[in-house]
Amino acid sequence: MTTPEPPARRRASPFSRLRAAADRVPTKWFAAIGTGLFLAATAAFGGLATAAAEPVPELEVGETHTGPLYALSVDRAFLFDELAEAGAYPAEGQRVLALRITVENVWTSPEGFSGMRETLSVAVPGAELTSMARIDDATTNPRLQPGVPAELAVAWLVPDDALAGGDEVTVTVSDPTLRTGQAVTSGQWWDDPVPSARVTLPVEYRPGDE
Amino acid sequence: MKRWLSWTLGVVFVVGAWLVALATPPEDAREAPFTVTASVGEEATGRDIVATVEGLRRADTVTDGAWSAEGNWLVVDLSISSRVSPRTLAHATLQIGDRTFAATERADGSLYQQGLTAGVPRSGSIAFELPADLDAETAVLRLATLSDVRLDSVVEAAVPLSEIERSGEAELRPREWARP
Amino acid sequence: MGSAVNAWWRRNGIALLALAVLVPVGGIGVAQHERTALTGSGKDPVTADAAGAVELAGITVGPARAEFESPAGAPDGTRVVTVHLPVDTHGDDMSCLPPVLREADGLQRSWRESALELGLDSFDAERPTSCPADGGRWFTLVTSYLVPADATGPFDVDLTWADALPAFARLRVAP
């Protein structure tokens, strides 16, 4: 059995005074004080309402937007009845909207159609992105190597009545995020496109295919 | 315990922990591929792949029969077979710095994604399309039979890019059974 | 202290016994299921009887015969093994992939039929390489395999079809 030690002297430190003060505040006030502090903080950062989406910058036809994966420019838009060369096979009541783009993979590994899916979209009701192909040698579903620009045709199937020659089509270029697999998934893929630029251009109708 | 002793032990343990952390392999080391290093002209054998890099060429234009393409091309001439079972050359990449390039799928006559036969080598070429402004001196070529190379054999060869003369045009070797 | 431990064992004895039996059984069951699911190409070879034929899932396969050939398209240091595999479907529908050739010993290397790469006519209706949709009751699969010269056999010919899974037919040939 050890001898009892003399009681430690209470030192008048700032912490002990704070604790004494805190001990005197009724517990149920903490919730109200916490809420008040939270509201004050959010007010300082602009309030709780959803932030208004920033307007997406307008791009010129042929102007390049550089995202994390692709730097691309939309050069022309065509409407075809069919475009087998680009891997587009419209069904009854559909036509093909093809965008001619110049694109460079600015990431560090090859990427293809799945990355394009997260980058380009068109404001045409009922449009389905279906395929893409190189313009120079008609390779379908090409893999774009880092740092090597290419001209591609990117094709959507659109309902017959959605577009006509001469109409304007709005194309949205988005910036996706690279996701890396964790735990039970592996590999990397692009996801969560954030609209970052928009370009509007006229659609040229080409009867037959070209 | 004496105060100086406990302090010294504390410091020793902290330093020891730091050394252990330094020696710890990275997260993905568990699943790293099994690398077999090869030099040009030398046959390299992995678990189910046997590959010989026979030539390295650079050119501004690559041709394969009727197809041709301009760019900054690296052509790798190789003979390749599997060792035990039917396989495919599913993984053919070139790593330059932090960028990875995949063999081109644009040339139908290349060996990329072609079948490999156990014990019977096939000869031909694969080609890599590289950025026009590339100024790297070396690269690493990797060949494997599965596109996901985790825990699989990978044949690796160093490519001395800056030492390979660049010509105007290079034709892919015809794809055929290798002549011994 | 001792009696409390004993009481714990008594209370939980049956549960522990159940665990000791069920966990290994469950583990083996999962492992077996995974092995079948992963290979897809069958894991239970059924070998031939004295007559050299395999009866499996209502289909009779074999007896098989094989010979070495050296056609013009084969490079030095290789030969071609051509396998003739008769099939009697007894009127059932049957669809299959071309049979796989496998060394019976050594590295047990295996080969897929390579008529196309050898320049042989792989679409000849008289020499089908896989079970024809309209082949009738009897047909003979004729498959060619390019093998290195040091593959001397004997070989096994493995034929897999959906109804037989996870089993498949394995016939021995010595060209």
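**A tour of chain B and its neighbours**

Of the 180 residues of chain B, 39% count as buried (20 or more other C-beta atoms within 10 Å of a residue's own, against 12 or fewer for exposed and in between for partly exposed, with C-beta atoms placed from the backbone). This is a predicted model: local features need pLDDT of at least 70, side-chain atom pairs count only at pLDDT 80 or more, and totals for chains, interfaces and linings use all residues. Residues are numbered from 1 along each chain as its sequence is written, while chains are lettered from A and ligands numbered from 1 in the order in which they are written.

**Stop 1: chain B as a whole**

Select chain B. Its C-alpha atoms fill a box of roughly 85 × 40 × 25 Å along the principal axes. The radius of gyration of chain B is 22 Å, where a compact globule of 180 residues would have one near 16 Å (taken over C-alpha atoms; the globule rule is 2.2 Å times the number of residues to the power 0.38).

Now colour by secondary structure. Chain B has one helix and 13 strands (DSSP runs numbered from the N terminus: H or I of at least four residues for helices, E of at least two for strands). Along the sequence the helix comes before the strands.

Turn to contacts within chain B. Of those between residues at least 6 apart in sequence, 71% join residues at least 24 apart (a contact puts two C-beta atoms, placed from the backbone, within 7 Å).

**Stop 2: helix H1 of chain B**

Select residues 3–23 of chain B. Why do the end C-alpha atoms of H1(B) lie 30 Å apart? At 1.5 Å a residue, its 21 residues should span 30 Å, so the two values agree (the expected span is 1.5 Å times one less than the number of residues). How many of the 21 residues of H1(B) are buried? The count is zero, and the helix is hardly covered.

**Stop 3: where chains B and C touch**

Show chains B and C. Chain C puts 14 residues into the contact, and chain B puts in 11 residues. On the chain C side, strands S7 (110–111) and S8 (138–148) each give two or more residues. S8(C) gives the most, with three residues. By class, the chain C side has seven nonpolar, four polar and three charged residues (Ala, Val, Leu, Ile, Met, Phe, Trp, Tyr, Cys and Pro are nonpolar; Asp, Glu, Lys and Arg are charged; the others, Gly among them, are polar).

**Stop 4: where chains A and B touch**

Switch to chain A. This contact takes 10 residues from chain A and 13 residues from chain B. The chain A side has three nonpolar, five polar and two charged residues.
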